Structures are given as structure tokens and as C-alpha cells.
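Reader: I'm in my first year and still learning to read structures. Could you pick one part of this model and take me through it slowly?

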Amino acid sequence: MSDGDMSDGDDALTGAEEAELERRRKAWEYREDNQDRHDSVVSPLADGDERVIEGALRPKRLDDFVGQQRVREQLTLLLRSAVRRGRPPDHVLLSGPPGLGKTTIAMIIAAELGAPLRITSGPAIERSGDLAAVLSTLQEGEVVFIDEIHRLARPAEEMLYLAMEDFRVDIVVGKGPGATAIPLDIAPFTLVGATTRAGLLPAPLRDRFGFTGHLDFYQPEELGTIVARSAGLLGVRIEDGGIEELSLRSRGTPRIANRLLRRVRDYAEVRADGLVTRELTRTALELYEVDELGLDRLDRAVLEALIKRFGGGPVGLSTLAVAVAEEAETVEVVAEPFLVRHGLLARTPRGRVATPAGWAHLGLTPPPSVDLPTLFD
């Protein structure tokens with residue numbers, strides 16, 4: 001094969017990869033927008049009003065941040081080393097499910113460095129000019145936080161490569177053959193990118209981050225510490241039993257724990273004397289349709305349809321979605337991850353299957369044939 005043939009093959013492969021990446025991006029964008037429309041007290045997503053409340057509850061320093069011990073220790077070394085050298089630290093990529101503290105860590109990074117913080121998001125940067133406007137006004141050492149960085153427009157991504165590596169951007173003036181690229185130096189900065197879909201990030205962008213941290217779901221005892229701290233900041237009187245009950249029903253997510261705390265507080269103030277006890281917490285969360293594992297109405301509807309209507313499966317996603325009167329994307333993105341993580345439901349090549357634990361959670365006895373799926377199912 002000649003050099004020209006090999007070059008053509010490489011270009012064709014790159015084009016195919018780009019097309020696949022764009023297809024996956026559009027699919028996830030639809031799913032995320034659909035996920036935003038799912039109104040649930042245990043949704044890990046936050047609307048604008050809730051983000052304002054979260055701002056008052058966020059820890060301001062790494063020493064106050066609860067959980068994520070390995071990521072916290074690694075970031076401590078990274079930031080302290082940068083401060084001693086007097087230079088901005090490496091760019092930071094934070095990945096993990098929503099509600100675990102990626103935005104909080106970005107704010108803490110800026111606070112630990114004593115630097116200003118510029119916040120934006122991938123969907124808000126539609127053109128390369130939008131990104132150039134942000135980068136060209138940065139101060140030296142400033143921290144730029146891009147949430148949902150996997151949803152950046154492709155022209156902005158390509159500009160970001162050069163900015164992260166060489167601290168400059170090329171401003172294109174004119175169009176067509178007469179277009180001219182004018183290089184513009186920018187102040188050294190630290191980029192903090194957050195993503196819930198790390199697999200959608202192109203390799204060239206992912207490789208330019210000097211530090212990558214993955215945030216995992218929290219343990220109940222960690223959530224208990226967060227609930228106790230938030231209760232103190234909100235002025236909520238809560239007993240240890242109430243803290244424990246909330247931490248067990250929060251799906252391993254601090255955002256959900258804080259949201260449930262506020263809902264239980266409302267119940268305690270209106271229908272009791274304001275003191276949050278274990279029994280009051282159970283009664284309040286029963287009103288909000290959150291059970292002892294943290295399953296909400298949609299989660300239980302999916303599990304009940306799978307078991308009671310289809311005998312535990314296997315059943316296809318679209319059929320299951322019709323049975324619960326929801327979009328297939330909502331069932332797949334909102335309900336299934338939590339059910340699968342807790343071993344209540346399994347995805348198999350033949351369709352969705354309820355596990356013995358799923359049957360037991362509904363108080364039912366599985367037929368003798370029900371077993372966990374194997375590699376050869």
C-alpha cells in the first residue's frame with residue numbers, strides 16, 4: 001500500500017469515528033434533556049432554584065469536604081504543590097454521576113488557590129467565538145469551570161486543545177480563501193471540566209487533562225455526616241435516627257440527601273413540632289413515595305411492571321416503558337441505573353430481567369427458575 005493510500009484510509013477512519021461520536025452526543029443530549037423533565041424528589045439533577053440553595057450548603061475547603069477520600073487526597077497534593085511553585089496546577093477533569101460534588105470541588109479548587117472562578121457549561125458554548133470571549137478575558141491563574149464538558153461544540157473543542165496546551169487561541173478573521181488566523185496569547189489558567197459521560201469525551205481533549213478524578217457514590221455514614229452538617233446550616237433540629245434514615249434513602253448522592261432533608265423539615269414544621277425523628281422521617285418520605293432503599297414511584301413502577309405483568313422478564317425496554325407510561329429513554333437513563341446498581345434488575349441480551357432481590361423487595365417469592373443472568377444467557 002502506498003503512502004497516499006494509507007493517508008486516505010486514516011482520514012476515512014477518522015471521519016467514521018467523528019460521525020459515531022456525533023451520533024452518541026446527540027443521543028445523550030436527548031436523554032439528558034428528557035431526564036431534566038423527570039420530576040422526582042430523588043432525581044440526582046438540580047434545577048436553578050435548587051442550585052441557589054446548594055450554594056449555601058457547599059463546603060468551601062477540601063478539609064471540609066466529606067467523602068471521595070482518594071480524590072480529595074490527590075487534589076490536596078496537586079494544589080499544594082502548585083501553590084508552592086507559584087504556578088497554576090494541571091488541568092483537572094472530574095467525572096461521575098450527577099449530584100456527587102463535581103461543581104463543589106471546582107469551587108474548592110479556586111478557593112484553595114485563592115484565584116477567581118469563571119463558570120460556564122458545554123451547551124452554553126455553541127461556537128468557538130463564545131469560548132474565545134471567555135478565554136481572552138482571563139486573569140493569570142484564574143480557574144475556568146466547564147460543566148457538561150462532553151457537550152461542547154466541535155469547533156470550541158478544537159480551540160480548547162490549543163488553549164489548554166499552549167495558552168493561546170487563533171482568532172479567524174474573514175471567510176473562505178481570504179480568511180486569516182490571528183494568534184492571541186491568553187493568561188495561564190487552570191481548566192476544571194466536569195462530565196457525567198466520560199466516554200463521550202474525545203481522546204485528544206481527555207489527554208490534555210493532567211489530573212482525572214472519578215467520583216463514586218457515597219457510603220451511608222458519609223451521607224450521615226453531610227446530612228448533620230446541612231441540618232446545622234439550615235437550622236433543622238434532627239435526631240440521630242432521622243439522620244440515619246435519610247442517609248439510607250438518599251441513593252448514595254449528597255444532592256438527594258440535602259433535598260430529602262428539606263422535604264422532611266417542611267413536614268416536621270407543618271405537621272409536628274419541628275423535631276425530625278426516625279419515625280417522622282419515615283412518615284414524611286412515605287408521603288413523598290420514597291421507600292427504604294430510596295426507590296421512588298418510577299423505580300417501583302418499573303419493577304412492579306416487570307414482575308407482576310411480565311413474570312419477571314425478560315422483556316424489551318420499549319415494552320417496559322409502555323407498561324409504565326414513560327418514554328423508553330426515561331426508563332433507561334433515570335430508573336434503570338439505580339435498580340441495576342442495587343441488584344434489583346439485570347440487563348440481558350434477551351431483555352430486562354428482575355433478580356431474586358427485586359422479587360424480595362416487593363415482598364414476592366420468585367419462581368424456582370429465576371436466577372441471575374450468566375454470560376451465556
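Reader: What comes just after helix 8, and which residues of helix 8 are buried?

Author: Happy to help! Keep in mind that this is a predicted model. Let's begin with helix 8, which runs over residues 220–234 and has 15 residues. From its first C-alpha to its last it reaches 20 Å, close to the 21 Å expected at 1.5 Å a residue.

Now look at which way its residues face. Leu223, Gly224, Ile226, Val227, Ser230 and Ala231 are the buried residues of helix 8. They cover an arc of only 165° around the axis, so they sit on the same side of helix 8. A general rule helps here: an α-helix has 3.6 residues a turn, so residues three or four places apart point the same way. On the face turned away from the buried side, helix 8 carries the exposed residues Glu221 and Gly232. Just after the helix comes Gly235, with a positive phi of about 75°.

Next, find helix 9, residues 240–248. Helix 8 packs against helix 9 at an angle of about 125°, and their axes are 8 Å apart. Angles from 115 to 145 degrees are neither roughly perpendicular nor roughly antiparallel, and the two helices are therefore oblique to each other. The crossing of helix 8 past helix 9 is right-handed.

Finally, compare a strand. In strand 7 (residues 211–214), Phe211 and Gly213 point to one face and are buried, while Thr212 and His214 point to the other and are not. Strand 7 pairs with strand 1 (residues 92–95) in the parallel sense over four bridges, and His214 is the bridge partner of Ser95.

Conventions. Residues are numbered from 1 along each chain as its sequence is written. This is a predicted model: local features need pLDDT of at least 70, side-chain atom pairs count only at pLDDT 80 or more; totals for chains, interfaces and linings use all residues. Side-chain values use heavy atoms; hydrogens and water are left out. The expected span of a helix is 1.5 Å times one less than its number of residues. Buried means under 20% relative accessible area, exposed over 50%, partly exposed in between (1.4 Å probe, protein chains only). The arc is that of the directions from the helix axis to the C-beta atoms. Two strands pair if DSSP finds at least two bridges between them. Axes are lines fitted to C-alpha atoms, for helices over the stretch in contact, and angles run from 0 to 180 degrees between N-to-C directions. Angles under 35 degrees count as roughly parallel, over 145 as roughly antiparallel, 65 to 115 as roughly perpendicular and the rest as oblique. A crossing is left-handed if the near helix is turned anticlockwise from the far one by less than a right angle, and right-handed if clockwise.
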